[in-house]
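Let's take a stroll through this protein and see who sits beside whom. Have a look at the sequence and the 3D picture first.

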Amino acid sequence: MAFGDYPAEYNPKVHGPYDPARYYGKPDTPFGQVKVGELGQWFGRRNKSPQSMIAAVSRAWWRWQHKYYQPKYAGIAGPLQIAIGCMATFYYFNYRTMKAHRQMKYH
């Protein structure tokens, strides 16, 4: 599979129009239904290649887009999630600087 191609499992005659938020591979047991004893086998069946990781992130991004940004009457949840995510990211990057300023006296 090259960059920008459809997944190998996608068949337009069977699946209809392509949806980037859908996984077209063989269905497996959802993570919430896996028993503790079967957890190792479940993780062993996962494809851990970089391409599959990127595909999983892309599907999650499209699911989020379809839920929060692309509806006709989208609310404020999507922009708030982005704003809070940006605030948390910049707090993480600037934590050392803010930690150093805790003990400073400005008088």
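The charged end of arginine 46 sits over the ring of tryptophan 42, 4.0 Å from the ring's centre. To count as sitting over a ring, NZ of Lys or CZ of Arg has to be within 6 Å of the ring centre and within 35 degrees of the ring normal.

Before going on, a word on the model: it is predicted, so local features need pLDDT of at least 70, side-chain atom pairs count only at pLDDT 80 or more, and totals for chains, interfaces and linings use all residues. Residues are numbered from 1 along each chain as its sequence is written, and side-chain values use heavy atoms, with hydrogens and water left out.

Rings also meet other rings: there are 13 aromatic pairs (rings of Phe, Tyr and Trp, the last by its six-membered ring, with centres within 6.5 Å). Tyr6, Tyr10, Tyr18 and Tyr24 make up one aromatic cluster.

Now for proline 20. You'll find proline 20 in the loop between two helices, α1 and α2 (helices are DSSP runs of H or I, at least four residues, numbered from the N terminus). Proline 20 touches Arg59 and Trp62, leaving aside residues up to four places away in sequence (contact means heavy atoms within 4.5 Å). Its C-alpha is 9.3 Å from that of alanine 60, though the two are 40 residues apart along the chain.

Here are the helices mentioned so far, plus two more:

| Helix | Residues |
|---|---|
| α1 | 12-15 |
| α2 | 39-44 |
| α3 | 50-69 |
| α4 | 77-93 |

In α3, Ser52, Arg59, Trp64 and Gln65 are buried (under 20% relative accessible area, 1.4 Å probe, protein chains only). Part of their cover comes from α4.

Notes:
Expected span 1.5 Å × (residues − 1). Buried < 20%, exposed > 50% of the residue type's maximum accessible area, 1.4 Å probe, protein only. Phe/Tyr/Trp six-rings, centres within 6.5 Å; stacked < 30°, edge-to-face > 60°.
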